[in-house]
Amino acid sequence: MRLIKYLRKYWYFALLAPLMMIGEVSMDLLQPKLMSTIVDSGILGNDLALIVSTGIKMLIFTVIGGLFGILSAAFASTASQSFANDLRTDAFAHVMHMSIQQTDKITTGSLVTRLTNDITMVQNFISMALRMFVRSGFMFVGGIFMALSLNSTFGMILAVSLPVQLIITGFFVGKTAPFFSVIQTKLDKVNSVMQENVSGARVVKAYVKEKHETKRFTNANDDLMQTNLKVLRLFSLLGPILMVIMNLSVIAVIYIGGLQVEARNMEVGSVMACVTYTTQILMSIMMVSMMLQNVSRASASAKRILEVLDESPVVIEGLQSPEKGEGSVALTDVSFAYPHGSGKQILHDINLTVNPGETVAILGATGSGKTTLVNLIGRYYDIQQGSITVDGTDIRDMSFEALRSKVGYVLQKSELFSGTIRDNIKWGNKNASDEDVVTAAKIAQADEFIATLPDSYDTVIGQKGMSLSGGQKQRLSIARAILKSPEILIFDDSTSALDLSTEARLHKALREKLDSTTLIIIAQRIASVMGADKIAVIDGGTIVAVGTHKELMQSCSAYIDIYNSQLGKEENVNE
């Protein structure tokens, strides 16, 4: 019911669809009555003119009913498709505004299932409710009325058969309803495995794990199939049971009707009409029973969709929008633990000041918290203790647009999108001129390889830039961030795929062209950061030393260990 608000905008289609269906059912309910007239007064009364005129009426009502049916289908489809379109758009917008910790919790595979399969289930239910539920309900009520108008004796048959059908239907629906949430969860698993293998296809092939991953997918798919089969087996019993009850009811109508005809209390045509009405009544119950499994499935899907829509961002946006500043950053007594992790602090008591225009490198062992630290500057997660300020303003008081327009972030893993190279670079600034795009590419050392491509900047690259090398993708990501013209530019180990010569040219160009921009660089290679204004060394989740390369070589054992492991032996040989 909470999702019905998405249908209100299309209330006229949602109203016209059942009205047209009522028109179609009305035409169907008239047919048995007209047929009884043909049999009783036309055939038995030997009145050919009556047969012809009544037959023409039946034909006209059939055509009118067909038109009503077509209009009902058209209106219901328009309403349900529009409903699904708006719901999917809104759900996607909610996903886009979720905090990263929320999308981590729900998982990508589950979100894909909820925005596709689950919404389709609810859409199909809306379409069915506007047509088939109305048809069944009106056929049920109308059939009873028409049957009793012919002979009230048949009410006894309906009084016995209808409760039995309803009880049996309720039993089966109650048994199967819990399975539908399980089915959607298992579908999440199938989608997750598929998504992992499609995005990680190169790794799968590199390790020759096709058979292993195929088996993993098969297990998830078989699990989904077995759960579906449990539901289908239960419903496969329901149909025959209801059919037996319906046929027994028809036999009872024929028997009682035969007695009524023999006693001359009823005509043969009326018995035929009652048989048809009884069949229509009981068939409407059968139809509803079959549709109820879709109701249970749609209900399970609706709950999963609402879980997305009910998610409010955990990281609450501030209201301040400071003017362009100089690009200073200060972390004071910062501590942080991932919300869905073990609860262990990844960072604790972090204190670091980055002055405007400085180049600050962050160095440390794998898992020491370097990436986590720079993620906190962009406020992708909220810290548990301490404060982080940008240009003197606490980032928790700033709007996301104001904060993230100040910070350019080049990820450790390059994320590119389907489209041209120009489009990907202009993600940083959609209003940038072609000249600006080329300038950013030159600073990022990407212009040279772009010029060798068939269509230069208009070359179309595949999803995630699969047609490019790792170094080419990194340089495009850097160009995208540069074009954004941020006050603070963060490199999260985003030059790891570049050779030292290209990386050196990149750093030189950054200093020459972006001399007022604050640079924060995470790097694994100590040679990449030796020229930084200062280097912060992280060890065990805290900053143990800050200084220039020369200062750290004299005072920081952790830095000396890293230096010796990478460059020490080589320098000794050279000496």
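Which residue has its charged end over the ring of Phe-400? Select Phe-400 together with Arg-404 in this predicted model, and the charged end of Arg-404 will be found over that ring, 4.4 Å from its centre.

Turn next to the aromatic pairs, which number 10 here when ring centres within 6.5 Å are taken as the rule. Select Phe-13 and Phe-75, whose ring centres lie 6.0 Å apart with the planes at 35 degrees, so the pair is classed as tilted. With both residues still highlighted, follow the chain between them: Phe-13 belongs to helix H2 (residues 11–43) and Phe-75 to helix H3 (residues 48–97), so that the pair, whose members are 62 residues apart, links distant parts of the chain. Phe-13 has a relative accessibility of 21% and therefore counts as partly exposed. Adding Trp-11 and Tyr-12 to the selection brings up a cluster, in which ring pairs link these two residues with Phe-13 and Phe-75.

For the last stop, select Tyr-380 and Tyr-409, an aromatic pair that is stacked, with 5.8 Å from centre to centre and 25 degrees between the planes. Tyr-380 is located in the loop between helix H10 (370–377) and strand S4 (385–390), whereas Tyr-409 is located in strand S6 (residues 407–410), and the pair therefore ties together parts that are 29 residues apart in sequence. Are these two rings buried or partly exposed? Colouring by accessibility separates them: Tyr-380, with a relative accessible area of 22%, is partly exposed, while Tyr-409, at 17%, is buried, because the cut-off for burial is under 20%.

Conventions: Residues are numbered from 1 along each chain as its sequence is written. This is a predicted model: local features need pLDDT of at least 70, side-chain atom pairs count only at pLDDT 80 or more; totals for chains, interfaces and linings use all residues. Side-chain values use heavy atoms; hydrogens and water are left out. Rings of Phe, Tyr and Trp (its six-membered ring) pair if their centres lie within 6.5 Å; planes under 30 degrees apart count as stacked, over 60 as edge-to-face and the rest as tilted. Helices (H or I, at least four residues) and strands (E, at least two) are DSSP runs, numbered from the N terminus. Buried means under 20% relative accessible area, exposed over 50%, partly exposed in between (1.4 Å probe, protein chains only). A charge sits over a ring if NZ of Lys or CZ of Arg is within 6 Å of the ring centre and within 35 degrees of the ring normal.
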